Amino acid sequence: MRLSNTSLDRLPSQIRRPGYDRTRVTPGIVHLGIGAFHRAHQAVVMDDLLATGATDWGIIGTSLRSSDTYDALAPQDCLYTVAVRSGAGTEHRIIGAVLETVVARENPAQMIARMADPAIRIVSLTITEKGYCHTPQTGELNTDHSDIVHDLANPDTPRSAPGFIVAALARRRELGIAPFTVLSCDNLSANGHTVKRILTQFASLRSPELGQWVADNVACPSTMVDRIVPETTDADRAAVATELGMTDAWPVISEPFTQWIVEDHFPAGRPDFASAGVQLVADVTPFEHMKLRLLNASHSALAYLGYLAGYETIAAVMTDDRFAAFARGVMEESAPTLSMPAGTDLAGYSASLLTRFANPALHHRTWQIAMDGSQKLPHRLLGTMQDRLRLGLPIDTHALAVAGWMRYVTARDEKGQVIDVRDPLAAELAAIAAKAGPVAARLAPALLDVRSIFGELGADPRLRSAVTRGLANLYDGGARQAVQAWRAA
Ligand code: CS2
């Protein structure tokens, strides 16, 4: 038996399911990038709102390229399970907020038509950092990006997220339909401003008038999103099937914690997010920085150094006190660069992150978090380093984390085994590593010269010497010893 509208009442009674009539739910949101994160985060909020009657908006979930999610969800009426795991056990819940899935690459016309529908008021995004087709260091559209080049030449059959969003906005403009609000839910600093800049730049390249119209009319509130959602494994599928007594082709696994902070600027309207626990604020910037520089920074540090030390998951790394102390050290180094609203308990927040990372029931692979470092480092680690250098403060902890990334992107681990490095710049980084050889004094400066990642900061002699020292320690004694020595330092 497979999860679907007709099998819902065959589920065991303890499993929570949509307590509302799904036939009354109509699309109000198109989401780009319907991966596990969205399905365990925003879609759960929408499901909560549907359950209380606070909204009747559902989600059209779209994938830009891959048909995996469509293939899994279409046969089950887009129903899926969220399995919330902690040391105390697992709770299963069926989410009904997704109404339809679309694969944009296969159906560009259908995708643009859905987004141009006047009923759609919000287009939200979890397309990962690289989906923005920008230069992470500057936040500007990368006009050399092959998808951007393609989309400017083929505006009605785009491939990229900016290409689709602008195509749909242009259609709405032609038809006299007010634009939707664009809601970036990715881990980028100033994600709303960044997406607005990218869309305006892309639209201007299509036509200056369209660019001006986007600049004047499209709202892009910033958001801070947080929930740890590891990739689903076959073992997870099997465990969920046992619990459900039926198959779910793609359940998502998550921690109990969830947080969403959103700037309240939705000229086209929005559901009553606050009634589902979403925090609506005027300026999300401090919270975004807090999350990127405390959670994501230490997560990435644990991912690179932990992977090199042979740990498969974050929970496993956290059982090693040296690494847990190092993660705390990353947070202690970032905290002074944050300016938070009065009353924010940064120490309490940091402590809660360590507990979340240690969740023994989550199998969150270091390899997964290590992905796309060239896109993540600027937001997670480099901003803090820049701010600390400006204040004349040491940066050794962050420097060792960046060195961990460098050692990782050489694509050879400490035992000489190949690392499957997934990154849009993987080939460029590997070529730099091959040319420099395993010598910190050559490799660190060569990687710091990659301007799309490090910009001007890479030239700072204090940064160059701290990172080179960190990388030398990694080559000398390996990640475990480098982290141990860091504590002693
Ligand atoms: C992680 C994030 O994969 C990664 O890079 O750091 O996905 C992290 O789990 C989320 O941002 C938590 O909200």
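Student: Which residue in strand 2 does V30 stand opposite?

Tutor: In this predicted model, strand 1 covers residues 26–32 and strand 2 covers residues 57–63. The two strands pair in the parallel sense over six bridges. Within strand 2, the residue opposite V30 is I60.

Student: Which strands are the edge strands of the open sheet of five strands?

Tutor: The sheet has parallel pairing and the strand order 5-2-1-6-9. An edge strand here pairs on one side only. That description applies to strand 5 (98–103) and strand 9 (181–184).

Student: By what angle are neighbouring strands of this sheet turned against each other on average?

Tutor: The sheet in question is the open one with the order 5-2-1-6-9. With direction ignored, the average turn between its neighbouring strands is 25°.

Student: How is helix 17 oriented relative to helix 18, roughly parallel or roughly antiparallel?

Tutor: Helix 17 spans residues 426–436 and helix 18 spans residues 440–448. Their axes come within 9 Å and cross at roughly 150°. Angles over 145 degrees count as roughly antiparallel, so helix 17 is, relative to helix 18, roughly antiparallel.

Student: In which hand does helix 17 pass helix 18, and how do the residues of the contact divide into nonpolar, polar and charged?

Tutor: The crossing of helix 17 with helix 18 is right-handed. Helix 17 contributes L429, I432, A433 and A436 to the contact, while helix 18 contributes R442, L443, A446 and L447. By class, the residues of this contact are seven nonpolar, no polar and one charged.

Technical notes: Residues numbered from 1 in each chain as written. Predicted model: local features only at pLDDT ≥ 70, side-chain atom pairs only at ≥ 80, totals over all residues. Heavy atoms only, no water. Axes fitted to C-alpha atoms, helices over the stretch in contact; angles between N-to-C directions. Helix = DSSP H or I, 4+ residues; strand = E, 2+ residues; numbered from the N terminus. Parallel < 35°, antiparallel > 145°, perpendicular 65-115°, else oblique. Left-handed = near helix turned anticlockwise from the far one by under 90°. Contact = heavy atoms within 4.5 Å. Nonpolar A, V, L, I, M, F, W, Y, C, P; charged D, E, K, R; others polar. Pairing = 2+ DSSP bridges.
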